[in-house]
Amino acid sequence: MLINYGYIGLFILAAIAFTIVMLLLPAIFRLVGINPRKPNPIKNATYECGMETIGRSWVQFNFRYYFYALMFIALDVMVVFIYPWAAELRKLGYFGLMAVLIFVFVVVVGYLYAWRKRVLEWK
Amino acid sequence: MMIFNPDPSSVRQMPTLAPDWPGGFWWHWLLFTVIIIAFVLLLVMGYIWLERRAMGRMQARLGPNRAGPFGLLQPVADALKVMLKEDIVPVNADKIVHLLAPIIAFAPVLIIFAVVPFANGALLADLNIGIVFVVAISSISTLGVFMAGWGSSNKYSLLGAMRNVASVVSYEIPVVLSIAGVVLITGSLSMNQIVLAQEIPFILLQPLGFLIFFIGGCAEINRSPFDLLEADSEIVAGFHTEYSGMKFAMFYLVEYAEALVISALITTLFLGGWRGPILPPWLWFLVKVMVVFFVMVWTRTTLPRVRIDQLMALAWKFLFPLALLNLFITGIEILAWPTAIAWLIPVNIAVMVILVLLWSKLFKLGWGRVEV
């Protein structure tokens, strides 16, 4: 089974190499003189529909998915525990089902509380 | 009929690795690397052509029909054109992040295909945790998209990237839970075992899971009813506003390669993968992948774009509870009737219809209604 991870590791390297080669192609073409390169200040400015940009975009602003991210972490950890249980449910039987039901119930109480507190609304 | 296989270890003995090639390891790796890259590139071109032609027909126009017969060479012409474009990097951008973003977005999409079976045992690596591998890798592209949005130093790009992160974070959970339903029935995480277990395609045994996976998959890869990250009427072109030339082409490639991933996963998990009568297995796989993508194009042309609050509400208030219910109903069914599969088809379809109707009724009564 370990040999499979060897395949995966090599394939990851191949995939990254392929992507880099794809991105290098235009650079090579530019050296040969096929691709143009004529930068000017207006062309290189940030595009905002013709308006001149005011300030940087790396500022603090209030984006509303903070609570979603918190909920996501709680629920995603739950899902991680569900996978091995799902693969072996037939051996675990009703006891396993009950155990996971109780576990999920605890998390779902938190989910319902968040719903009740109107965290799930995008304001 | 051996769908509810009581002892998965008996199936695990079957030869799932490709036969020993002369030279073994390296030939197998080389062959499948070439096959996967060619498969992704060719099918992405096919998808672009199919989407433009089918959308053209559905919107009562012709679509591209000049380059080659039926416009078949249009994607090739596009690729050539985009390769010869000037590469513009804005002055304010973070140059390194701007350059790294397309690599980090595209490489994971390619890596997912390492565990997708094209025929019995014909896959790069038959991992025993196949589907967990897919779930883990598929989220990495989001990082690339966010790097693109942040690195361009453009307000629209940043907004688009933020929206993408929000939608992926929300839809990840229903999608992953609906996959767990399939794992429950199969009793194995290996992609090849999942296909081998499908005497009946799982779309019949898991209709609700299929629905959730399809909607969630479309939302995660930002297909059109949910394409808020590049809503052209609001935020120019979203995260790739500042990209041009080959880097833009990479993001375009990522978009369709992700659509290919979702169709390949739907095919493998719910439609019986490479299984089918008469035709060879790889052809069945291709046909099913194409049909799934056609349905995606169909939904794209049929449905208008949703608002962002509707997008979030659909994930958290509709899909997530239904996915949990689906999971436990499936679990109970498996323990109560380990052998009677045929009966589960009408039962599960009825359960799906009842749950969906009931849940939408609750929304109508004002439970968790979204204030405008």
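In this predicted model, the buried residues of α1(A) are Y7(A), F11(A), A14(A), A15(A), T19(A), L23(A) and P26(A). These buried positions pack against four helices of chain B: α2 (25-58), α3 (74-83), α4 (95-112) and α12 (245-270). The helix itself has 31 residues. From first C-alpha to last, α1(A) reaches 45 Å, close to the 45 Å expected at 1.5 Å a residue. A kink of about 30 degrees is nevertheless found at L24(A). It falls shortly before the proline P26(A), which is itself one of the buried residues of the helix. Just after α1(A), G33(A) adopts a positive phi of about 105 degrees.

The packing of α1(A) belongs to a wider interface between the chains. In total, 56 residues of chain A are in contact with 66 residues of chain B. On the chain A side, the elements giving two or more residues are α1 (2-32), α2 (66-87) and α3 (89-116). The largest share comes from α1(A), with 18 residues. By character, the chain A side divides into 42 nonpolar, seven polar and seven charged residues. The model as a whole scores ipTM 0.86 and pTM 0.87.

Chain B is helical, with 15 helices and zero strands. Of its 372 residues, 52% are buried. Among contacts in chain B with a separation of 6 or more, 79% join residues 24 or more positions apart. The mean pLDDT of chain B is 82, and 90% of its residues reach 70 or more. Residues 1-17 of chain B are an exception to note, with pLDDT below 50. Beyond near neighbours in sequence, this stretch has 27 contacts in the model. Where pLDDT is low, predicted coordinates should not be read in detail.

The largest nonpolar core contains 136 residues. Within this core, A114(B), I179(B) and L260(B) touch the most other members. Helix α7 (residues 155-186) of chain B gives the core its largest share, 18 residues. I179(B) is placed within the residue range of this helix. Leaving aside neighbours within four places in sequence, I179(B) is in contact with I131(B), V135(B), F213(B) and L269(B).

Helix α7(B) was examined further. It has 32 residues and reaches 46 Å from its first C-alpha to its last. That span is close to the 46 Å expected at 1.5 Å a residue. Of the 32 residues, 30 are buried, so α7(B) is largely enclosed by the rest of the structure. A kink of about 30 degrees lies at E172(B), shortly before the proline P174(B). Just after the helix, G187(B) takes a positive phi of about 75 degrees.

F146(B) lies in helix α6 (residues 140-151) of chain B. F146(B) counts as buried because 23 other C-beta atoms lie within 10 Å, where the cut-off is 20 or more. Apart from neighbours within four places in sequence, F146(B) is in contact with A161(B), N164(B) and V165(B). F146(B) and the core residue A114(B) are 32 residues apart in sequence. In space, 25 Å separates the two, C-alpha to C-alpha.

Two backbone conformations in chain B also deserve mention. Most residues other than glycine have a negative phi. A60(B) has a positive phi of about 60 degrees although it is not a glycine. F70(B), also not a glycine, has a positive phi of about 55 degrees. A60(B) lies in the loop between α2 and α3 of chain B, and F70(B) is placed in the loop between α2 and α3 as well. A60(B) has 6 C-beta neighbours inside 10 Å and therefore counts as exposed. F70(B) has 12 such neighbours, so F70(B) counts as exposed too, the cut-off being 12 or fewer.

Key. Residues numbered from 1 in each chain as written. Chains lettered and ligands numbered in written order. Predicted model: local features only at pLDDT ≥ 70, side-chain atom pairs only at ≥ 80, totals over all residues. Contact = placed C-beta atoms within 7 Å. Nonpolar A, V, L, I, M, F, W, Y, C, P; charged D, E, K, R; others polar. pLDDT = per-residue confidence, 0-100. Core = buried A, V, L, I, M, F, W, Y, C linked by C-beta atoms within 7 Å. Expected span 1.5 Å × (residues − 1). Bend = angle between axes of the 7 residues up to and from the residue.
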